[in-house]
Amino acid sequence: MSEPAVSVEGLWKSFRLYHERNQYIKAAVLRGRRARYEEFWALKGIDLEVPHGATYGIIGSNGSGKSTLLKCLAGILYPEKGRMQVNGRVSALLELGAGFHPELSGRENVYLNGAILGMTRKEVERRFDDIVEFAGLERFIDTPVKNYSSGMTVRLGFAIAANVEPEILLIDEVLSVGDESFQRRCAEKIEEFRQDGRTIVFVSHGLAEVQRICETVAWIDKGDLRMVGPAGDVVSAYSGESHDAFPVGPQEQGSRWGSGEAQITAIHLLDAAGEPQRVFTSLEPMTIRMEIVSHVPVHDPAVYVRFDSLHGVPLWATNTRRRGQTIDRLADHETFDFVIPRLPLLEGVYDITASITDYAEHHPYDHWEKRVRFEVKQSRNYDLGMVYVDGTWERAESHRPVT
């Protein structure tokens with residue numbers, strides 16, 4: 001069996017937290033001792049294994065040890081205990097402008113940063129135009145980097161790292177920086193790496209992005225490895241832990257959390273006749289009925305629903321705000337229907353997640369992850385996949401339907 005791309009066994013890393021500091025030799029002599037400090041363990045016995053070709057996510061709250069782990073893998077930090085092995089050429093994008101000299105131009109920094117990442121001058125020259133084009137800095141490449149904005153700096157850094165042709169790419173929170181166009185190009189580049197069979201270790205607070213691109217996710221909490229598993233399961237567990245959890249009854253499915261000002265009391269799935277069902281026919285009507293109780297006045301809430309595949313892949317999500325519909329204030333008891341005239345899901349088993357949040361979608365009053373499971377059957381439809389796309393085949397030259 002081949003070796004994994006990244007192997008971490010019993011990794012421990014500590015830092016010294018100083019409560020006082022000797023600024024000068026004189027201060028140390030007068031005190032007659034070194035400054036006092038305590039040992040802070042940022043990583044505690046981490047065990048991970050990343051196969052070749054995998055896209056592996058690492059999540060956790062601020063200060064949990066995610067970035068410290070990536071810096072150890074990149075060779076920037078060295079652990080006190082444990083063993084790690086990285087099998088392949090590594091490119092790391094850990095901090096904005098890491099390795100850039102502010103007084104040098106963008107062109108000079110491309111050569112400098114490329115050398116730091118292990119590229120020869122000929123390799124940099126061969127890829128120089130691609131790097132500049134990807135970063136979108138043709139007009140500014142001979143301008144000193146100290147005059148770049150943070151977005152321009154990270155675009156140049158990512159462009160260099162992406163063109164090193166790495167076998168293993170380490171990314172720390174970079175995709176959340178930059179404009180929409182740059183983020184799209186980054187996502188396309190990562191997808192290209194995935195299709196090429198390269199290994200990606202991805203640290204981010206963007207849980208939707210982690211769940212979209214990663215097959216496996218590790219959750220690190222205060223230096224401890226809490227959970228490793230499929231992306232959907234780990235993200236759901238982490239999201240529930242990050243908020244106040246509600247108890248789930250013995251007959252209820254899924255995990256649940258929220259502040260509790262408003263609560264979802266029931267979710268019903270109804271067919272065209274308004275009857276409760278758990279088995280639906282593709283392209284037939286479906287209504288999701290949500291009953292909500294408000295314990296205190298709640299203004300401008302957003303009611304949310306999402307479909308996931310049985311394997312935890314998010315297929316579609318919406319809420320009242322995204323549909324341009326405003327709820328001024330919740331009454332004590334409310335019922336909301338989301339009516340789907342033609343259910344666009346193909347045959348399979350699916351889960352529904354529902355929640356109610358504030359208008360900005362930052363504060364969950366009640367979030368019920370994978371609350372309802374239902375089944376879809378196909379009739380007079382032989383398409384493959386998970387979703388139905390409406391359309392017809394035509395002969396291009398005559399625009400006549402194919403018969």
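Okay, one definition before anything else: when I say buried, I mean a residue with under 20% relative accessible area. And keep in mind that what we have up on the screen is a predicted model.

With that in hand, let's start at helix H4, residues 121-135. Which residues of H4 are buried? They are Glu123, Val124, Arg127, Phe128, Ile131, Val132, Phe134 and Ala135. Now hang on to Arg127 from that list, since H4 bends by about 55° at arginine 127. From end to end, H4 has 15 residues and goes 19 Å from its first C-alpha to its last, which is close to the 21 Å expected at 1.5 Å a residue. And just after H4 you run into glycine 136, with a positive phi of about 70°.

Next along is H5, residues 150-162. That helix has 13 residues, and its first and last C-alphas are 18 Å apart, close to the 18 Å expected. So is H5 enclosed or out in the open? Well, 12 of its 13 residues are buried, so the rest of the structure largely encloses it. Among those buried residues you'll find Arg155, along with Gly151, Met152, Thr153 and Phe158. The end of the helix joins in too, with Ala159, Ile160, Ala161 and Ala162 all on the buried list.

Okay, zooming out for a second. The protein has 8 helices and 20 strands. Of its 403 residues, 43% are buried. If you take contacts between residues at least 6 apart in sequence, 68% of them join residues at least 24 apart. As for the outside, the protein exposes about 21,600 Å², and carbon and sulfur atoms supply 50% of that.

Speaking of the outside, which residues make the nonpolar surface patch of about 240 Å²? That's Phe15, Leu17 and Phe40. Phenylalanine 15 sits in strand E1, residues 6-18. Its relative accessibility is 31%, so phenylalanine 15 counts as partly exposed.

Last stop, threonine 357, in strand E17, which covers residues 348-357. Buried or exposed? Threonine 357 comes in at 9% relative accessibility, and since the cut-off is under 20%, threonine 357 counts as buried. What is it touching, once you set aside neighbours within four places in sequence? Threonine 357 is in contact with Pro301 and Ala302, and also with His363, Pro364 and Tyr365.

That's my tour, happy to spin the model around if anyone wants another look.

Technical notes: Residues numbered from 1 in each chain as written. Predicted model: local features only at pLDDT ≥ 70, side-chain atom pairs only at ≥ 80, totals over all residues. Heavy atoms only, no water. Helix = DSSP H or I, 4+ residues; strand = E, 2+ residues; numbered from the N terminus. Buried < 20%, exposed > 50% of the residue type's maximum accessible area, 1.4 Å probe, protein only. Contact = heavy atoms within 4.5 Å. Areas by Shrake-Rupley, 256 points an atom, 1.4 Å probe, with all protein chains shown as cover. Patch = residues over 30% accessible without salt bridge, like charges linked within 9 Å, V, L, I, M, F, W, Y side chains within 5 Å. Salt bridge = Lys/Arg side-chain N within 4 Å of Asp/Glu carboxyl O. Expected span 1.5 Å × (residues − 1). Bend = angle between axes of the 7 residues up to and from the residue.
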